[in-house]
Amino acid sequence: MKSLSRGAVWTKAVGVVKYGEPRPMAARTKKTAKARRARAARGGLAAIVLAAGKGTRMRSARAKVLHEILGRPLGAYPIELARAVGADPVVAVLGHQRAAVEAALVARFGADGVRVVEQTEQRGTGHAVRLAMPALKSFRGDLALVLYGDVPLLRRETLAALVGTARRYRCLAVVTATPPDATGYGRILRDERGHVIGVVEEKDATPEERRIGEVDAGIYCGPVDFLREATAGLTTRNAQGEYYLTDIVARAAEGIGVTGVEADFRDVAGVNDRQQLAEAEAVMRARTNRALMAHVTFRDPATTDVEPGVEIGVDVELGRGVALRGRTKIGHGARIDDGVILTDTEVGAGAHVRPYCVASEASIGAGASVGPFAHLRPGTKIGPDAHVGNFVETKKTTLGRGSKANHLTYLGDTTVGERVNIGAGTITCNYNGYEKFTTTIDDGAFIGSDTQLVAPVRVGKGAVVGAGTTVTEDVPAGALVITRAAAVQKPGYAQKVAKKYAAARKSG
Ligand code: UD1
Ligand code: CA
């Protein structure tokens, strides 16, 4: 037998384990019926996610599974879903740009959340599943799911139905669909009684088979033992010279049996090029937003991105072109106007974020108002009922309850107390070219317009900073500080100068 496991390497958190050549077929099939029954009784579910391919049709320097849909890499969707239906472990077969893909998956699921098997040469989907098998050696359960890394729209209910079918009949359960255009998909072959008997890839299909509308979605669930044996027995005798996973369907039909689980074609669309990526994102966006519309008002759901990890309270209003990313949370009754982009940001109940604000890792208190055109950078905490106006930038800054910074201001590494008024054009000078320093402004202070606060510095409670002041030393509570040269006035000066120039023009 030709070895399929050349280059089989899997890593888990630390280190790399190399597996030797597969044992001969006979030894592998000698599982006793008793052991199988014991496994079946235990239940248990593992998952194998295939994501080693380059994704040639994407025409990208980036591996296909790293392209994102609503902020999540394509490859993360099937893993997330497999975990949601209880699969443990989840094995990801990676190849093309393995290090980058692995890093993205570990960042999302943790080193223990996903086991990585490397497929150095992409010799087909069947080869990929075959390589994943050693990683399931210690898996004591019965069933394994096989998912493709480029099918992100699959629904949890479909997967649960698939697993339930495989478990009930102890067969190979296969998701099928009937898209308006079946081009590019493997076609489902059924016998005259309607039983699934195999899958034929488009490139291998006869003209008659190509007319079949029902396709293979690439989502299988079956007993691990069967998958191991069936993938070990695959050959490359086909149009593409690859080990097709789809060939195991015919094999199951002759043995343990196959059951088709039909799904809506929109849920099982594969993403092979950028057009399909955009379409899949639109479907995911529509699905997410439709669910949220039970309690959230969308001015224009087609232009509003709400990533899967976002939480939104009741009676929230979202404007056109809003993007809510990461772990953003919006409290009830808050209003988020057009073009606002919030990443990992918390917005309190009843707060109002006006158009075109950008915030990340920030919090906005209940009843606060921000923007338009404000930029809240990481570490910003806007207190309840505080106001931040246009062209204000904040970073690692706390603005206390009811305080205001309404115009053209930069606050960095700053703690502002309650009821403070920060005038237009105030700048905290927090950086001396080498180090960052902090500014503290205590409750009730008044900072006049066009002020520079050269950190480290503190403005005491109720103190007043006159407009145009450069504050370089701490200001005691209740004091006034002002750095202003005495004004000089020259009456009639403008007229005098005008006369002078007029005379010069005449003579010249
Ligand atoms: C596959 C199916 C086809 C099905 C379609 C559904 C096969 C032979 N064909 O075709 O019947 O209708 O999916 O979307 O399975 N991969 C690896 N290693 C490999 C090859 C592929 O990990 O050696 C991964 C890819 O990265 C991808 C997935 O498997 O995530 C599917 O591969 P792809 O080449 O896109 O298969 P299709 O031609 O779409
Ligand atoms: Ca595909």
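**Exercise 1. Find the residue that follows helix 3 and give the sign of its phi.**

Step 1: go to helix 3, residues 76-84. Helices here are DSSP runs of H or I with at least four residues, strands are runs of E with at least two, and both are numbered from the N terminus.

Step 2: look just past the helix. G86 follows helix 3, and its phi is positive, near 95°.

Step 3: check the helix itself for burial. A76, Y77, P78, I79, L81 and A82 are buried, where buried means under 20% relative accessible area, exposed means over 50%, and partly exposed is in between (1.4 Å probe, protein chains only).

Before moving on, some housekeeping: residues are numbered from 1 along each chain as its sequence is written, while chains are lettered from A and ligands numbered from 1 in the order in which they are written. This is a predicted model, so local features need pLDDT of at least 70, side-chain atom pairs count only at pLDDT 80 or more, and totals for chains, interfaces and linings use all residues; side-chain values use heavy atoms, with hydrogens and water left out.

**Exercise 2. Work out which residues come nearest to ligand 1.**

Step 1: a residue is near a molecule or strand if one of its heavy atoms lies within 4 Å of it. There are 23 residues around ligand 1, and Q119, T125, Y148, E201 and D216 come nearest.

Step 2: see which elements help out. Strand 3 (45-51), helix 5 (125-132) and strand 12 (215-223) each supply at least two residues of the shell.

Step 3: look for polar contacts (pairs of N or O atoms within 3.5 Å; within protein, one must be able to donate a hydrogen and the other to accept it, and residues adjacent in sequence count only if both atoms are side-chain atoms). The side chain of T125 has an N or O atom 2.7 Å from an oxygen of ligand 1, and for the side chain of Y148 the distance to a ligand 1 oxygen is 2.7 Å. D216 uses a backbone N or O atom, 2.5 Å from an oxygen of ligand 1.

Step 4: ask how covered the ligand is. On its own, ligand 1 has 760 Å² of accessible area, and the protein covers 89% of that (Shrake-Rupley method, 1.4 Å probe; for residues, only the protein chains shown count as cover).

**Exercise 3. Name the protein donors of the calcium ion, ligand 2.**

Step 1: donors are N, O and S atoms within 2.8 Å of the metal (3.2 Å for Na, K and Ca); water is not among the atoms, so sites may look incomplete.

Step 2: D150 (OD) and N272 (OD1) fit, lying 2.5 to 2.6 Å from the ion. They sit 122 residues apart, D150 in the loop between strand 8 (143-148) and helix 6 (156-169), N272 in the loop between strand 13 (258-262) and helix 10 (274-292).

Step 3: are they buried or exposed? Both D150 and N272 are buried.

**Exercise 4. Trace the polar contacts made by the side chain of N430.**

Step 1: place N430 in the loop between strand 32 (427-429) and strand 33 (439-441). N430 counts as buried because its relative accessibility is 6%.

Step 2: the side chain of N430 makes a polar contact of 3.4 Å with that of Y410, and one of 2.7 Å with that of D413.
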